[in-house]
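Let's take a walk through this structure together, starting at a single residue and working outward to the whole chain. Keep the 3D view open as you read.

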Amino acid sequence: MPLAFRPPAAFVAKKTHILQELASPLPDLSPKGGPDVQILPLLNLINSHPLLVTTSSCAGRVVIYAEGVRTGNHSQLDGVEGGDGTTDASGGSVGSVGGKGSGGRWIYVTHDEPVGTIESGSWSDLLFNGIHTTTEDAVHNADFVHRRYVHFKFEPMILHILCADSETAQKFLGIALAAGFRESGYNGSILAVRCSLRIDAPVGYLSASGESIIPLVDDNYLRTLMQMSIERFIENKRRTDRFFESVKRSFNLGVEVETKEERRLRKRLEGLGRQRDLLDKRALEMTMEDPAKNV
């Protein structure tokens, strides 16, 4: 692709480093350890543009997680580090309200479209990943301040892209908006591609010991959330596919561009092919009009 703009050396160095990490067999710092396979074709397409490089991504997912602690005391379900924790006066780790935070935990995660039925057990068994559920927590029931909620979330595809120049970024932003990612934006260096196909619902909270989950909803409600998530997975994929094709077409990425000589040769061969088809058709018509010629 001929460039009217030469990317800065800092951008080239950053892109080289990111692409080396993507190609490395070692896990990265994300909880999953690498990009989602469902979105790899899109990442590879974008990264083939000399003025763009992806910095983070998610193909879309259903997650259930427990909030981080809000005091210095950790419960049994603690043990997963989070990026939104702070430190209280006693030196303990404190999670932000509604966030996984320090001491939070992923309970259920899938980046694939879930099935709408389960063969055995309950949705609580599946989505709470076998953690014991109970309603016997009367003392902790009244402690709203320190209650650690369990959230059900559907999150659509999201991309962050480092752009070497604003002209390419603005063109890319227009493509994202037209594809249905209408919460996308550009801050002068990073382009965020995102949309509002989200679900965020509290479905329970941890017991005081952290050994059990006290559900706030019944199994039918969990099944409804999963069905809503399936619908959003389908729409998310439709928008992502449309975005992929628009990027490919608008920037001529992943497409072999014909030279004038290649186009002339292709047109000539197509013309010869049409001529042969026409001659074969005429010969068949003549044979059908005079069967004796075929004897």
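A good place to begin is Asp 36, which touches Cys 58, Ala 59 and His 111 once residues up to four places away in sequence are set aside. Keep in mind that this is a predicted model. Where does Asp 36 sit along the chain? You will find Asp 36 in the loop between α1 (9-23) and α2 (40-47). Is this aspartate buried or exposed? Asp 36 has a relative accessible area of 4%, and because that falls under the 20% cut-off, Asp 36 counts as buried.

Follow the chain onward from that loop and you reach α2. Here Leu 42, Leu 43, Leu 45, Ile 46 and Asn 47 are buried. What covers them? The cover over the buried residues of α2 includes α1, β1 (52-58), β7 (158-163), α5 (166-178) and α6.

One of those buried α2 residues, Ile 46, leads us to Ile 161. Leaving out neighbours within four places in sequence, Ile 161 is in contact with Ile 46, with Leu 52, Val 53, Thr 54 and Thr 55, with Phe 172, and with Ser 189, Ile 190, Leu 191 and Val 193. Ile 161 also belongs to the largest nonpolar core, a set of 48 residues. The residues with the most contacts inside this core are Ile 161 together with Val 150, Phe 152, Leu 159, Phe 172, Val 193 and Phe 243. Helix α6 (residues 219-251) gives the most to this core, contributing seven residues. Apart from it lies another core, of six residues, including Phe 11, Ile 18, Leu 51 and Leu 162. In soluble globular proteins, nonpolar side chains tend to be buried together.

Now for the cysteines. Cys 163 has a relative accessible area of 7%, so this residue is buried. Cys 195 is buried as well, with a relative accessible area of 2%. How many disulfides does the model contain? The count comes to zero, with a disulfide taken as two cysteine sulfur atoms within 2.5 Å.

Finally, step back and look at the whole chain. Its secondary structure comes to seven helices and eleven strands. Of its 295 residues, 39% count as buried. Among contacts with a separation of 6 or more, 74% are between residues 24 or more positions apart. The accessible surface comes to about 17,300 Å², and 54% of that surface belongs to carbon and sulfur atoms.

Terms used: Residues numbered from 1 in each chain as written. Predicted model: local features only at pLDDT ≥ 70, side-chain atom pairs only at ≥ 80, totals over all residues. Heavy atoms only, no water. Helix = DSSP H or I, 4+ residues; strand = E, 2+ residues; numbered from the N terminus. Buried < 20%, exposed > 50% of the residue type's maximum accessible area, 1.4 Å probe, protein only. Contact = heavy atoms within 4.5 Å. Core = buried A, V, L, I, M, F, W, Y, C linked by side-chain atoms within 4.5 Å. Areas by Shrake-Rupley, 256 points an atom, 1.4 Å probe, with all protein chains shown as cover.
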